[in-house]
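Take a look at the model below. This briefing covers a strand residue, a helix and a pair of helices.

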Amino acid sequence: MKVLMQNRSSMFRMLAGDSVQMNKTREALIQLGIEVDIRTQPTSDFTRYDLVHLFNIIPIEETYQFYQKAKQYGIPIVLSPIYWDPKEFLINIDTERKDHFLSWWAKTNPMRQEVLDGVDLLLPNGLLEQELLQEDYKLMTPARLIPNGVDPLFYYANPEKFTKRFGAKDFILCVGRICRRKNQLALIKAARALGQQVILIGPINDYQYYQECRQEGEGQVRFLGGLNQGWIASAYAACSVHVLPSWYETPGLVNLEAGLAGCKVVTTDRGTAREYLGEMAWYCSPETFSVKDALRKALYSPPLSGLREHILANYTWDRVARLTLAAYQEVLR
């Protein structure tokens, strides 16, 4: 079997969850003997492929072009939507671009509808995501749940490497792009109210927002930029709690990494995180008061047992690849 995966052209330049999901799924499928190519530009040559796998319908324009080309050729198409309705986030962000984003969302929704209706199989990452797609787009397209995954290396995380280099332990950690959707500013305000140090790991996607975070966290927040997996794993093991208070996540790959590394996890209640983490994490809404409340509970409670074992048993990339391959075979039958 030979598969073509396609995603936005910026996926290597602006790494995000969809980049990781696609790359790690590809690597694990190759281990199962499947040939997988990645292309981030439209192609007209599908002669070498049995199936096309598209990713991400939030930034829909490029996905729509990929879909149209594959549809014209008549090749089977599966889609990982990576979807959550962003309107709550768009309405609440404090930026002059809000009206532009809302207008863009309404204008591009017919493209999402056409793609969702026209593919052969949907591969949502969670049941809530699937239900939301069916509700928002009145779908008849069949779906097969494929969870997101995590690298088992995080299970063996050791704090010493990070602590020796950065001189920090028992801090509040947040791993993720510095941007409004990840909501680090609310975390900084909540941690400041509790007198806690915060370390942020991740690239800057929104420089204005980064400056707001720096100003709010002066003296109590360290920005370490992007680090590789080994350093991040060690940071998880060294911190007191990992917090991801985003406006939505499906489910937030760093939640799985942090939980597998043995962290206490505080995360958003918007999206599919609760499907993955159950009652083994603390949940907050995006408002600062809610982040503060969940953070306080996590800091002064013992770890919730069972999370590492639950993640290792259910959410490795190897399992994701096996489920994905079964979905491919279903379509090709």
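Gln6 touches ten residues, leaving aside those up to four places away in sequence: Met22, Arg39, Gln41, Pro42, Thr43, Val52, His53, Leu54, Phe55 and Phe66. Keep in mind that this is a predicted model.

**Gln6 and its strand**
- Gln6 sits in strand S1, which covers residues 2–6.
- Is Gln6 buried or exposed? Gln6 has a relative accessible area of 1%, so it counts as buried, the cut-off being under 20%.
- Met22 is among the residues that Gln6 touches, and Met22 is itself a buried residue of helix H1.

**Helix H1**
- H1 runs over residues 17–31 and has 15 residues.
- From first C-alpha to last, H1 reaches 21 Å, close to the 21 Å expected at 1.5 Å a residue.
- Which residues of H1 are buried? They are Asp18, Ser19, Gln21, Met22, Lys24, Thr25, Ala28 and Leu29.
- In an α-helix, residues three or four places apart point the same way, because there are 3.6 residues a turn.
- Just after H1 comes Gly33, with a positive phi of about 95°.

**Helices H7 and H12**
- H7 (residues 184–193) packs with H12 (residues 288–299). Their axes lie 8 Å apart, at an angle of about 55°.
- The two helices are therefore oblique to each other.
- The crossing of H7 past H12 is right-handed.
- On the H7 side, the contact involves Ala186, Leu187, Lys189, Ala190, Ala191 and Ala193. On the H12 side are Thr288, Val291, Lys292 and Leu295.
- By class, this contact has seven nonpolar residues, two charged and one polar.

Notes. Residues are numbered from 1 along each chain as its sequence is written. This is a predicted model: local features need pLDDT of at least 70, side-chain atom pairs count only at pLDDT 80 or more; totals for chains, interfaces and linings use all residues. Side-chain values use heavy atoms; hydrogens and water are left out. Axes are lines fitted to C-alpha atoms, for helices over the stretch in contact, and angles run from 0 to 180 degrees between N-to-C directions. Helices (H or I, at least four residues) and strands (E, at least two) are DSSP runs, numbered from the N terminus. Angles under 35 degrees count as roughly parallel, over 145 as roughly antiparallel, 65 to 115 as roughly perpendicular and the rest as oblique. A crossing is left-handed if the near helix is turned anticlockwise from the far one by less than a right angle, and right-handed if clockwise. Contact means heavy atoms within 4.5 Å. Ala, Val, Leu, Ile, Met, Phe, Trp, Tyr, Cys and Pro count as nonpolar, Asp, Glu, Lys and Arg as charged, and the others, Gly among them, as polar. The expected span of a helix is 1.5 Å times one less than its number of residues. Buried means under 20% relative accessible area, exposed over 50%, partly exposed in between (1.4 Å probe, protein chains only).
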